[in-house]
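Biologist: I have just opened this structure and would like some help reading it. Could you walk me through a few features?

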Amino acid sequence: MSSDVRKLVSQREAAFQLSTSERTLARLRATGVLPIGRCWQRKNPTNKNSHCLYNLEACIEVLSGQSKAAEIEQDLLSQSRVQELEEG
């Protein structure tokens, strides 16, 4: 069996596992935060109203990266504020 076989779960299961709502998952899909093909796919790709299936590992990887980037950004903003106060 191939090692690149991905485990896909329903939107409800993904929302539960990721501690978020199904609506938030839909929003993350719509905004492109969760890329199609990597994090999710349609059960029936030819039907745009088909249920979505999620690759939890990829979703966690993407969302962890988003979280880490936001944390780094906050750290940099804090450092620049401290420098401004010291200079001012």
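Modeller: Let's go through confidence, the core, one helix and two single residues in turn.

Biologist: Where should I begin?

Modeller: Begin with confidence, since this is a predicted model. Where pLDDT is low, the predicted coordinates should not be read in detail. Here the protein chain has an average pLDDT of 87, and 92% of the residues reach at least 70.

Biologist: Which elements have the lowest and the highest mean pLDDT?

Modeller: H3 has the lowest mean, 81, and H1 has the highest, 97.

Biologist: Next, the core. Which residues have the most contacts inside the largest nonpolar core?

Modeller: That core has 15 residues, and Ala14, Leu25, Leu34, Cys39, Trp40, Tyr54 and Cys59 have the most contacts within it. Two or more residues come from each of helix H1 (11-17), helix H2 (22-30), strand S3 (52-55) and helix H3 (56-87). H3 is the biggest giver, with four residues.

Biologist: What does Leu25 touch, beyond residues up to four places away in sequence?

Modeller: Its partners are Gln11, Ala14, Ala15, Leu18, Thr20, Leu34 and Tyr54.

Biologist: How do I read the sides of a helix?

Modeller: An α-helix has 3.6 residues a turn, so residues three or four places apart point the same way. In H2, the buried residues are Leu25, Ala26, Leu28 and Arg29. They lie on the same side of H2 because they cover an arc of only 160° around the axis. On the face turned away from that buried side are the exposed residues Arg23 and Ala30. After H2 comes Gly32, with a positive phi near 85°.

Biologist: Gln11 caught my eye. Is Gln11 buried or exposed?

Modeller: Buried means under 20% relative accessible area. Gln11 has 18%, so this residue counts as buried. Gln11 sits in helix H1, and its side chain makes a polar contact of 3.1 Å with the side chain of Tyr54. Setting aside neighbours within four places in sequence, Gln11 is in contact with Glu22, Leu25, Arg29, Cys52 and Tyr54.

Biologist: And where is Ile36?

Modeller: Ile36 lies in the loop between H2 and strand S2 (40-42). With a relative accessible area of 60%, Ile36 is exposed.

Biologist: How far apart in space are Ile36 and Arg81?

Modeller: From C-alpha to C-alpha they are 38 Å apart, with their positions 45 residues apart in sequence counted as separation.

Methods:
Residues are numbered from 1 along each chain as its sequence is written. This is a predicted model: local features need pLDDT of at least 70, side-chain atom pairs count only at pLDDT 80 or more; totals for chains, interfaces and linings use all residues. Side-chain values use heavy atoms; hydrogens and water are left out. A nonpolar core is a set of buried Ala, Val, Leu, Ile, Met, Phe, Trp, Tyr and Cys residues joined through side-chain atoms within 4.5 Å. Buried means under 20% relative accessible area, exposed over 50%, partly exposed in between (1.4 Å probe, protein chains only). Contact means heavy atoms within 4.5 Å. A polar contact is a pair of N or O atoms within 3.5 Å; within protein, one must be able to donate a hydrogen and the other to accept it, and residues adjacent in sequence count only if both atoms are side-chain atoms. The arc is that of the directions from the helix axis to the C-beta atoms. pLDDT is the predictor's confidence in each residue, from 0 to 100.
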